[in-house]
Structure formats: structure tokens, C-alpha cells
Amino acid sequence: MEPDPAMRAQLAAATPGLTALAGGAESVPLPDEVADAVVVGQAYHWFDRELAHIEIARVLRPGGTFAPIWNMRDDRVDWVAELGRIAHLGDNAGNVIERYTDFGPAFEPIELGEFYHHTTLTPDDIVAMLHTRSYWLTAPAERRATIDQELRELLATHPELAGRETVELPYRTMVLRARRR
């Protein structure tokens with residue numbers, strides 16, 4: 001399910017044989033108690049949580065699982081923290097753990113899962129990835145130039161990065177899970 005028509009078209013193209021539905025967390029186009037799970041990737045912070053929790057509980061079968069997921073750079077690694085400082089990317093892991101403590105009365109207590117992985121990138125890939133982030137895209141040209149300069153300096157001088165053709169960018173995936181009562 002995807003509320004944006006352009007993104008829904010991309011979803012439909014990427015998942016042949018599946019139907020991409022128009023809708024949002026606050027208005028799910030499904031009947032009552034038909035889903036075993038509702039999984040949300042990187043979007044839960046956009047929800048009107050009070051309305052969304054009621055709607056998600058409505059479509060879940062009793063015992064069904066609601067699980068928002070966040071995939072974040074692991075800024076406990078020194079150079080990754082510096083990357084976040086340069087680009088003002090912030091650390092969301094702490095926010096996830098502290099901010100979302102309850103999905104409402106229709107759900108059992110939240111369980112937290114944390115998983116680690118990495119992706120292998122070239123220094124140019126890291127710069128290109130940063131150029132897709134809203135902070136960089138919306139920054140004035142002078143600020144973007146400063147970010148790019150500081151990022152290139154980090155990639156060229158940090159002991160874990162300097163002279164490397166590829167870099168392992170570590171991630172933490174945080175999953176909150178609760179079952180419908």
C-alpha cells in the first residue's frame with residue numbers, strides 16, 4: 001500500500017503479480033481482520049499515530065503483528081558519526097527506542113529487535129547517497145558545497161577511509177513489534 005501515485009507505480013513495477021493499493025496508515029483499503037502482519041519501512045514517523053493504530057488494529061487478525069522498521073547508519077562508528085555531523089543527518093536509533101513506547105490499547109507491549117549489517121560502497125557512492133537526502137537537496141548551494149567539501153575531506157583523511165577503494169557502511173536496523181490483543 002502506498003499513498004503517492006508515482007511511488008505506487010514504482011511499487012507495482014517492482015512487484016509483478018502483486019497489487020499496489022492506494023491508501024495510507026490512517027485509511028487502509030482492506031476489510032476488518034484480514035492481515036497477519038502490517039510492516040512499515042521508514043515511514044512510521046509520518047503517521048498520525050492515534051488514527052493509524054486504530055486502523056492497523058482493525059485490519060489485523062487477533063494475534064497479528066504490527067512492526068515498524070528503521071534502517072539507520074550505525075553512528076556508534078567514529079567515521080559514520082562524523083558523516084552524520086557533516087551532513088546533519090542525526091541519530092535516529094535512540095529516538096526510536098525512546099520515542100515509540102506504545103501502540104495503543106489494541107496492542108500488547110512493544111518488543112524491540114536490533115540487527116546489524118553493512119553495505120559496501122565506493123567513496124563516490126557515499127557522496128551520491130548523501131545527494132539523495134532531503135537535507136542536502138533542500139540546502140542552499142553554498143551549504144551543499146560545504147557539505148561536499150567536508151565529506152570529501154573525511155573520505156580522504158579519516159584513518160578508516162583514506163586510500164580505500166571501497167568502504168563498509170555499517171547499519172543498524174531497529175524493529176518494533178507488537179501483537180494485536
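This passage describes the sheet of a predicted model, the helices that lie across it, and some residues outside the strands.

The structure is a predicted model, in which local features need pLDDT of at least 70 and side-chain atom pairs count only at pLDDT 80 or more, while totals for chains, interfaces and linings use all residues. Residues are numbered from 1 along each chain as its sequence is written, and side-chain values use heavy atoms, with hydrogens and water left out.

Helices (H or I, at least four residues) and strands (E, at least two) are DSSP runs numbered from the N terminus, and two strands are said to pair if DSSP finds at least two bridges between them. Four strands form an open sheet of mixed pairing, in the order 1-2-4-3. Strand 1 and strand 3 are the edge strands, each pairing on one side only. Neighbouring strands of this sheet are turned by 20° against each other on average, direction ignored; for such angles, axes are lines fitted to C-alpha atoms, for helices over the stretch in contact (heavy atoms within 4.5 Å), and the angles run from 0 to 180 degrees between N-to-C directions.

Strand 4 (residues 167-179) is mostly covered, as 10 of its 13 residues are buried, where buried means under 20% relative accessible area, exposed means over 50%, and partly exposed lies in between (1.4 Å probe, protein chains only). Strand 4 runs antiparallel to strand 2 (residues 60-73), to which seven bridges join it, and F66 stands opposite A178 of strand 4. Strand 3 (residues 111-121) also runs antiparallel to strand 4, and 11 bridges join the two; here T120 has E168 as its bridge partner, and G113 stands opposite V175.

Two helices lie across strands of this sheet. Helix 2 lies across strand 1 and strand 2, running at about 130° to strand 2, whereas helix 3 (residues 78-87) lies across strand 2 and strand 4, running at about 80° to strand 4.

Most residues other than glycine have a negative phi. E33, in the loop between helix 1 and strand 1 (35-41), has a positive phi of about 50° although it is not a glycine, and E33 is partly exposed, with a relative accessible area of 38%. Q42, in the loop between strand 1 and helix 2 (49-59), likewise is not a glycine and has a positive phi of about 60°; at 40% relative accessibility, Q42 counts as partly exposed.
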